[in-house]
Amino acid sequence: MTLADYLPIGLMMLIGIGFATGAMWVSWKIAPNVPSPEKLAPYECGIVPLQEPALRFPVKFYLVAMLFVIFDVELIFLFAWAVRFEAFGWTGIAAIGIFVALLVETLFYVWKRGALDWNVAHRDRYRRVVAEYEDEAA
Amino acid sequence: MGNIAFLPIGLEVALLVGAIGVLMVAVTMGRSSRDWAVVAGAAIGVGFVISVRQWVVVGESGTQLAFGTKGADGLAVANQMVAMDKFGALGGMILMVVVGLALIGSWQMVKDLGSRGAEFVALILLSAAGMHMMIVSANLIMLFIGLETASIALYVIAGFLRNRRGSDESAMKYFLMGSFASALFIYGVALVFAATGSTSLYGSTSIGQFLAGNAMPNPGILLIGIGLILVGLAFKMSAAPFHQWAPDVYQGAGTGAVAFMSTGVKVAAVAAMVRVLYIGFFQFYDDWSMAVALIAALSILVGTATAIAQSDLKRMLAYSGVAHAGFLLIAVLAARVSLDAMWFYLATYAVSLVGMLTVVTVVAGASAGPVSIESFRGLGKRSPMLAAAIAVFMFSMAGIPGTSGFVAKLVVFTAADLSGFRWLVVLALVASVAGLFFYLRIIVVAFFEDSDTEETPLTLTGPRIAIGFAVAVTVGLGLWPTLLLDFAREALPHL
Amino acid sequence: MFPVLAFLVGLPVVAAIVIALIPKSRSELLLPVAFGLSLLPLAVAGYMVWTFNTAGGFQWVESTIWLQQLRIGWTVGVDGISLFLVALTAFLFPISILASANISDRLRGYLVSLFVLETGVLGVFIALDLVLFFVFFEIVLIPMFFMIGIWGSSNRRYAAIKFFVYTAFGSAFLLVSIIALAVNAGPALQTISFQWNELAQVPMTSTLQTWLFFGFAIAFAIKVPLFPLHTWLPDAHTEAPTAGSVLLAGVLLKMGTYGFIRFNLILFPEATVKYGKWIALLAVIGIVYAALVATVQPDIKRLVAYSSVSHLGFIVLGIFALTLTSVQGGIIQMVNHGLSTGALFLLIGMIYERTHTRKIADYGGLASTMPIFSGFFLFAVFASVGLPGLNGFIGEFMVLIGSWQTFPVLTVVAASGVVLAAVYLLWAYERVFTGPPGKANKDLEDLNPREIAILVPIAFLIVLLGVYPKPVLDRMENDVNAVISRIEQSTSYERPTFDLEGQLRISVPAEQGNNSSGESSEGSE
């Protein structure tokens with residue numbers, strides 16, 4: 001390897017960086033910039049915004065969504081295995097069993113920790129967990 | 001497939017079962033951290049025993065590869081995923097010792113965390129499993145999976161004290177930059193695959209075989225791939241210029257967590273780097289050795305220069321860790337002549353650092369974030385034993401004779417000089433003198449200054465064991481280095 | 001064969017452990033036990049001096065490989081060059097312990113530091129393995145660092161760090177050079193080896209020799225210290241506790257000059273001949289410069305510290321003059337300086353305990369209030385100045401005579417250092433001891449028996465070496481001769497011989513005989 005061999009790489013990088021910065025610079029330079037209050041307002045399909053745009057969801061939505069994604073992905077693997085399960089034999093059953101067991105274990109843990117309780121404010125377990133976090137914060 | 005030998009991944013299985021066990025015990029039977037300690041300790045102990053068993057089996061019947069797929073002919077097994085060799089076995093033993101020490105030393109933090117402590121312990125075990133996977137992986141994809149397993153757990157560990165300001169910020173920083181580095185790493189793997197048609201380190205279709213059989217007149221893509229893989233691993237071991245996350249994370253995460261995350265990941269990244277570079281890309285030694293040497297030089301300079309200016313102990317240790325990453329990269333270069341030097345440096349530095357951070361947990365609290373150097377004021381009077389331990393660790397990191405740090409530097413630098421990197425040795429030694437400024441500063445604060453309080457830090461049994469063990473190893477291997485060196489000389493990777 | 005040297009170095013280690021194990025409730029035992037234990041290495045050293053074979057060469061050699069693949073090991077031996085440095089070390093430690101009776105804060109740690117220090121220094125002088133040498137060379141820093149930092153005076157933190165970092169900076173170059181030396185010799189020896197005697201056999205290119213020569217020289221020059229690298233020394237000496245100053249001046253500085261002989265002269269003869277004159281030049285600049293600076297010091301301890309720099313300059317000049325007389329003079333001057341400057345630091349420590357000031361201006365008229373003290377002080381001053389009949393004369397005279405043949409101009413300049421020494425020391429004596437005693441100094445107690453007991457052995461040796469140095473010179477002669485012959489064999493250097501009117505040629509051993517007999521006759525006056 002001589003230094004000259006790296007030349008194409010260097011050129012490539014230079015062109016890439018040059019193109020990106022150049023394009024930004026040109027558009028910044030030639031674009032007309034006439035701001036007005038209407039233009040600066042957030043885009044809401046032409047309607048004047050009446051409240052803060054972001055709604056706050058309870059955190060349990062995210063938890064459930066995450067669990068959903070995990071089991072959704074599990075399905076993909078299960079499907080692939082199910083198509084050829086005869087070919088894999090008992091070893092395949094054991095392997096997929098371990099895989100499912102891991103996920104079931106996760107579900108079990110999450111359940112026990114109270115993540116699946118929907119109406120949480122009334123549950124003992126929820127109060128206990130909250131109290132623990134408050135202790136920890138204090 | 002049929003008869004699967006589980007020994008090659010036995011350590012990972014043990015840690016995984018341990019992690020699940022800790023979680024299950026926490027939600028069903030016991031809410032006391034003592035119960036988790038038993039499970040975690042058993043997992044680590046079994047992991048260590050399995051590593052020893054691997055060492056013995058490899059010694060009797062040679063190295064072996066495992067978890068491949070059947071080739072097109074249905075008979076030959078290709079694309080092996082895991083290598084069982086003494087390299088991985090020794091890495092496993094070192095990791096288990098480090099994880100065990102870190103957990104024993106920082107158990108107070110687990111107690112402080114309440115019921116979330118179980119998750120903390122489980123994450124540490126999972127992360128350790130990922131780290132060991134990095135060391136034993138025989139395929140770049142497998143290496144990536146190990147890297148991610150280790151990293152994702154570490155991101156969570158870094159932000160575990162989420163009620164404290166700074167902890168979440170540093171975890172976020174770590175997560176974003178870490179993901180970026182992982183992306184670079186996998187991009188590098190992709191480029192290597194593009195250039196050689198393989199991600200495997202061993203076997204008939206390996207990268208090395210391809211390179212041996214095909215002259216590459218224009219290896220540009222391959223070199224960029226190697227470079228990106230290097231960047232990904234250098235990020236994990238916090239080598240400059242990929243080190244910016246380290247000080248914030250060290251400071252933000254609880255001290256108990258830092259002990260593990262600062263050492264384990266270094267062990268894994270360095271060992272993985274040696275295997276990938278030497279097994280995968282040995283034909284391009286001249287190219288990558290120069291890159292590694294430059295990263296090493298930069299790490300040593302940046303780490304040393306920045307550490308001098310720190311007033312926070314954990315930031316100081318983070319920057320000193322950057323400098324040590326540089327020394328470790330020299331060890332990677334020196335591994336060409338002497339692999340035992342690399343292992344020695346890795347093991348002794350990891351143990352000294354865990355010991356030092358355990359002292360920090362004792363003095364400043366296991367869940368403390370920023371720890372001012374001032375909190376060590378007058379420790380020589382308040383608690384002479386702790387102060388003496390600090391002196392041992394600091395002298396070891398500075399490379400003063402009588403400690404393992406000196407022998408480590410001696411063997412590594414001799415090997416590096418033999419490999420033709422004399423300029424790097426000179427630079428490293430001069431920088432290590434500059435490093436004395438901050439190592440000595442802690443000793444000066446601890447011994448030469450009087451404190452306002454008479455308060456003696458409470459040393460519990462756990463930290464006492466961890467510190468005692470670390471001191472014994474640091475001094476013992478400083479005086480009888482052959483104990484480890486002779487052992488490590490056999491710890492070669494599968495070829 | 002009984003491992004005498006392992007025993008010698010092991011004794012202080014055992015002593016340190018014993019001291020560390022004495023229970024807190026019996027802390028009154030610390031000092032007596034420590035003193036008793038420190039006598040054991042002295043006994044061994046005395047035995048070694050007594051039984052040393054004057055034929056020279058390394059004696060009591062032990063060799064055990066510790067790290068096979070790098071051939072690092074416990075290779076030790078004592079020859080005529082190191083014998084008296086070992087003896088001096090063993091002699092000064094019991095004295096230092098006696099002089100530490102006033103230490104009350106953390107006495108146990110202090111004594112442990114002292115014994116670790118003794119281990120290190122003894123190891124430096126006997127090591128014949130470069131890594132072993134380096135280990136001891138560095139280990140010495142740790143106890144000294146703590147001694148200055150914990151038990152020193154007001155500005156101790158600064159002095160301790162400066163001392164440590166300065167010396168470690170030199171050591172970094174030493175370690176690089178040692179590694180490079182071993183790697184260079186690798187092909188010739190078929191293995192990496194750090195054994196001194198094996199490395200000395202392997203030839204090297206003159207470029208490498210030059211680099212390594214300076215790599216070693218920087219480390220030793222800082223330790224000695226030579227002129228531009230000496231700035232750590234006044235701070236360290238001034239801030240250290242009495243015993244620390246005594247040991248710093250007495251033995252630690254000699255590690256540098258010893259290193260010059262053992263390593264620079266033997267391993268790099270070509271570079272020594274080529275660049276020795278520049279080192280000698282630095283030494284001479286140091287002699288004059290330090291003497292001038294010493295003259296204007298207001299602090300008595302700092303004055304003695306600078307006088308050390310000046311005196312060490314003579315030793316280095318003698319070493320690089322490469323004649324039998326000058327090198328022998330250098331070695332014996334190492335011992336002499338350890339005794340006389342050690343005595344001065346001890347005396348200053350004693351007066352400091354009484355007055356808690358080191359300012360010369362605060363003293364005056366001590367001769368009338370403390371006659372015994374001023375008597376000892378004057379004696380030490382005379383020894384340091386080089387009064388004939390006392391030991392300092394022998395060393396300086398031999399160095400000047402020997403160096404004259406190699407570096408005539410430098411020697412003339414260096415000789416002015418003798419005069420300047422008389423100026424600053426006697427002037428200091430005058431300001432401290434003569435005149436009417438000031439108010440603060442009227443009620444000072446004179447030396448107590450313990451303090452006299454400390455000083456008498458030193459004074460005895462000062463006179464003994466001044467009057468009858470022949471046993472010392474005999475024991476080192478063959479080994480020094482071998483060093484110079486080695487340089488003559490491997491380079492074009494030839495040692496100068498006396499050339500009187502182009503006729504009378506006296507060979508060097510004869511000149512040696514002249515010297516020693518001359519001095520003993522003068523001593524008997």
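Is Leu328 of chain B buried or exposed, and how many C-beta neighbours does Leu328(B) have inside 10 Å? I would like to start from that one residue and then work outwards, keeping in mind throughout that what we have on the screen is a predicted model. Leu328(B) counts as buried, because 25 C-beta neighbours fall inside 10 Å, and the cut-off for calling a residue buried is 20 or more. The residue sits in helix α13 of chain B, which covers residues 313-334. If we leave aside residues up to four places away in sequence, Leu328(B) touches Met237(B), Lys266(B), Val270(B), Tyr345(B) and Leu346(B). You may also want to find Ala296(B), which is 32 residues away from Leu328(B) in sequence, although the two C-alpha atoms are 7.9 Å apart in space.

Staying in chain B, let me turn to a pair of helices, α17 (residues 404-418) and α19 (residues 461-479), whose axes come within 7 Å and cross at roughly 50°. That crossing angle is why α17(B) is described as oblique to α19(B). On the α17(B) side the contact is made by Ser404(B), Phe406(B) and Val407(B), while α19(B) brings Val473(B), Thr474(B), Leu477(B) and Gly478(B). Sorted by class, the residues of this contact are 4 nonpolar and 3 polar, with no charged residue among them.

Now to the chains as a set. Two pairs of chains are in contact, and of these it is chains B and C that share the most contacts. Chains A and C, by comparison, do not touch, and their nearest C-alpha atoms are 28 Å apart. In the contact between B and C, 26 residues come from chain B and 27 residues from chain C. On the chain C side, at least two residues each are supplied by α5 (130-139), α6 (141-151) and α7 (156-189), and the largest share, 15 residues, comes from α7(C). The class count for that side of chain C is 23 nonpolar, 1 polar and 3 charged residues.

Within chain C itself, the domain assignment gives domain 1 as residues 1-267 and domain 2 as residues 272-525, and the C-alpha centres of these two domains lie 22 Å apart. Their contact draws 42 residues from domain 1 of chain C and 46 residues from domain 2 of chain C. Looking at the domain 1 side, the helices that each supply at least two residues are α3 (80-98), α9 (206-223), α10 (232-239) and α11 (242-267) of chain C, with α11(C) giving the largest share at 14 residues. By class, this side of domain 1 has 28 nonpolar, 12 polar and 2 charged residues.

I will finish with a smaller feature of chain C, a hairpin formed by strands β1 and β2, with 4 residues between them. Strand β1(C), residues 59-67, pairs with β2(C) in the antiparallel sense over 6 bridges, and at one of the paired positions Leu67(C) has Ile72(C) of β2(C) as its bridge partner. In the turn, Arg71(C) has a positive phi of about 45°. Strand β2(C) covers residues 72-78 and is mostly covered, with 5 of its 7 residues buried. When you look at the side chains there, it may help to recall that in a regular strand they alternate between the two faces of the sheet.

Methods
Residues numbered from 1 in each chain as written. Chains lettered and ligands numbered in written order. Predicted model: local features only at pLDDT ≥ 70, side-chain atom pairs only at ≥ 80, totals over all residues. Contact = placed C-beta atoms within 7 Å. Nonpolar A, V, L, I, M, F, W, Y, C, P; charged D, E, K, R; others polar. Domains from an automatic or database assignment. Buried ≥ 20, exposed ≤ 12 C-beta atoms within 10 Å, placed from the backbone. Pairing = 2+ DSSP bridges. Axes fitted to C-alpha atoms, helices over the stretch in contact; angles between N-to-C directions. Parallel < 35°, antiparallel > 145°, perpendicular 65-115°, else oblique.
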